[in-house]
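The following note sets out, in numbered points, what a reading of the coordinates supports. It is meant to be read beside the sequence and the structure.

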Amino acid sequence: MNELVSTSNLWRDALRRLKANRLALAGAIFVFVLILLALLTPFIAPYEYDFQNRGLSSSGPSLNHWLGTDYLGRDLLTRMLYGSRISLLVGFVATFVALIIGVSWGTVAGYLGGRVDSLMMRIVDALYGIPFIILIILLMVVFGRNLVLMFLAIGAVEWLTMARIVRAQVTSLRRTEFVLAAQAMGVSSISIMTRHLFPNTLGPVIVYATLTVPQVMLLEAFLSFLGLGVQAPMSSWGLLIRDGAVSMEESWWLLVFPATVFSITLFSLNFLGDGLRDALDPRSN
Amino acid sequence: MVGLIFNRLLVAIPVLLAVITITFLMIHSAPGGPFDYDRVVSSEVMQQLNQKYNLDAPLYEQYFDYLSNLLRGDLGPSFRYPGRTVNEMIFSGLPITFELALYSIAFAILLGICFGSMAALKRNTWLDYLPMTISMAGICIPSIVLGPLLSLVFGIWLGWLPVSGWIDGIPESKILPVITLGTAYAAYCARLSRGGMLEVLGQDYIRTARAKGLSEFRVVVFHALRGGLIPVVSFLGPAIAGLLAGSFVVETIFNIPGLGRFYVQAAFNRDYTMILGTTIFFSFLIIIFNLLADIVGAAMDPRVREDNSK
């Protein structure tokens, strides 16, 4: 029972500290609004994402098209809204995949310890040395530009640091009284890991997951920018920035608006992650 | 020290072998053969092509053939550019990519260490806050945003610098690509050297050096930097790996005929031997650089030298 009370205090304290951090709070609000806009896109987008206004191609910002149109006369605001859906979806789903792999790997390694642990962490060390962006490009080439595959591939790459963080946390908890008590009561290893150890790793896991989302979004944008990710007429921020870079000489707005929103999003997520770290683990700073 | 190098090699070799095997299997499980051109090719021609490139042999035989060629440094012929080998294509792009990476890392280290040390020495003044805020921006803004924006502003609007290209006689053409590739690493270097310097500056041997009456310049440059830069050195391995991967994007943005753009083109053309060769080559480079960074880091830091278990 004591455990429960102190836990809820930890979260309340963390929330208080987070609220005091202006940058992190601004980041959180921006991300929240962005998610809301992405969810509501089908209802609020002014046009269809592939609607082409033939009479108004490559026109600058105007009353009908707030952020201008591209060379096919498609509304940039609409395409950015739809693009945010893909970019955020990749960001969150791939992070979730990374989270599941990393947390399980780290918990098992940390809890079992000994040889299993050192073997598992050796594998993680070894995988750090592999140039994954190249392998992901390869994967997209070999198996086609498949969105689900991209989620899985990016997630399968980004779990390494998560595994290290969780493993360090679990290793330090493995010999604490509440784990020993659970062992003495005959609780199975699996439920010790899931019910007792996992909840205690949540703080660092949440922090690192928040910091993983921008990395994943960046990877997706890289791929789409190279032409190996999301394909037109679908839209993602990486793809829009690519289109913008191609036609920036005639239509600067096609580059400037998506690039700005993408950068602000990355900023916000990073500030939020940093703020969460300070809030959840005041000692680390 | 020797133990550390041996230890790392022991890990690096299986990793490289695993990368080769995975890449090889992935390429060979790809739907469609390498000769699926748009026009229809008669079956005899197909057979001859397959025979010429030894594609009829069982997979394991092809694999071991490839490995033994690889050991001799031969990455095979390109499937898409008849008469050219993967080796030729890699070595025509490599110097440019190396030059780009070298300038970028030099830019990153110089800028990063200067600003990082300055921030540490002037802690909690605006000379600390300003560079650290800028470095936060440098870390967050990705090259796909920075590159096109820089060439929009400096190339098109102001007309000061060329929009794209990498021309040997024209050093201005190299400025924007180097800044685009180097900025994020400069920002990391600044943060790392600030952290490292702050830790070192508080230590006894710095106080001793000051007490001996050494000039502030000597204390900082000869005593503090040596310890303070260890985090930067150990970051160099991953940084070089990141630079090589980042060169894909930067070479694509600025239309630079380096290895990264070759790779992306090979990926589009489905030039399988080229993809395979470049992937292996890149992995090899990255593993080597990581190894070198570890060794240099160990040579600089007595604590790592002793601790071989890491």
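1. Between chain B and chain A of this predicted model, the number of salt bridges is zero. The search for polar contacts across the interface of chain B and chain A likewise returns zero residue pairs, where both residues must have pLDDT 80 or more. The elements that contribute two or more residues to the side of chain B touching chain A are helix 1, helix 5 (126–140), helix 6, helix 10 (230–253), helix 11 (259–269) and helix 12 (272–300) of chain B. Helix 6 of chain B provides the largest share of that side, with nine residues. By residue class, the side of chain B that touches chain A consists of 32 nonpolar, nine polar and one charged.

2. As to the extent of the contact, 42 residues of chain B and 37 residues of chain A take part. The area buried between chain B and chain A comes to about 3,400 Å², and carbon and sulfur atoms account for 83% of this area. M26(B), C140(B) and I144(B) together supply 17% of the area that chain B buries against chain A, more than any other three residues.

3. The fold of chain B should be described as helical in its secondary structure: chain B has 13 helices and zero strands. Its order along the sequence is α-α-α-α-α-α-α-α-α-α-α-α-α. The C-alpha trace of chain B spans about 85 × 55 × 30 Å along its principal axes. Of the 310 residues in chain B, 46% are buried. For contacts in chain B between residues at least 6 apart in sequence, 71% link residues at least 24 apart. The exposed area of chain B is about 15,300 Å², to which carbon and sulfur atoms contribute 66%.

4. I20(B) offers a local example of such packing. This residue belongs to helix 1 (residues 2–28) of chain B. I20(B) counts as buried because its relative accessibility is 6%, under the 20% limit for that class. Leaving aside residues up to four places away in sequence, I20(B) is in contact with L67(B), L70(B) and I280(B). The C-alpha atoms of I20(B) and T279(B) are 8.2 Å apart, although 259 residues separate the two in sequence.

5. How many salt bridges does a search of the whole structure find over all chains? The total is seven. Side chains of opposite charge can pair when their charged atoms come close. One salt bridge joins the side chains of R167(A) and D117(A), with an N to O distance of 2.7 Å. R167(A) is part of helix 7 (residues 160–173) of chain A and D117(A) is part of helix 4 (residues 114–128) of chain A, so this pair ties together parts that are 50 residues apart in sequence. The two partners should be described separately in terms of exposure: R167(A) is partly exposed, at 25% relative accessibility, whereas D117(A) is buried, at 8%.

6. In chain B, K174(B) and E99(B) form a salt bridge whose closest N and O atoms are 2.8 Å apart. K174(B) sits in the loop between helix 6 (143–157) and helix 7 (175–201) of chain B, while E99(B) sits in helix 4 (residues 86–121) of chain B, so the pair ties together parts that are 75 residues apart in sequence. K174(B) is buried, having a relative accessible area of 9%.

7. D204(B) and R207(B) form a further salt bridge, in which the closest N and O atoms are 3.5 Å apart. This pair is local in sequence: both residues lie in helix 8 (residues 204–211) of chain B, three residues apart, or about one turn of the helix. Both D204(B) and R207(B) are exposed.

8. Is T265(A) buried or exposed? T265(A) counts as buried because its relative accessibility is 1%. The residue is located in helix 11 (residues 253–280) of chain A. The side chain of T265(A) reaches the backbone oxygen of V261(A) at a distance of 2.7 Å. Not counting residues up to four places away in sequence, T265(A) also touches F30(A), L34(A), M217(A) and W237(A).

Terms used:
Residues numbered from 1 in each chain as written. Chains lettered and ligands numbered in written order. Predicted model: local features only at pLDDT ≥ 70, side-chain atom pairs only at ≥ 80, totals over all residues. Heavy atoms only, no water. Helix = DSSP H or I, 4+ residues; strand = E, 2+ residues; numbered from the N terminus. Buried < 20%, exposed > 50% of the residue type's maximum accessible area, 1.4 Å probe, protein only. Contact = heavy atoms within 4.5 Å. Salt bridge = Lys/Arg side-chain N within 4 Å of Asp/Glu carboxyl O. Buried area = accessible area lost by both parts, 1.4 Å probe. Polar contact = N/O pair within 3.5 Å; in protein donor to acceptor, adjacent residues only side chain to side chain. Nonpolar A, V, L, I, M, F, W, Y, C, P; charged D, E, K, R; others polar. Areas by Shrake-Rupley, 256 points an atom, 1.4 Å probe, with all protein chains shown as cover.
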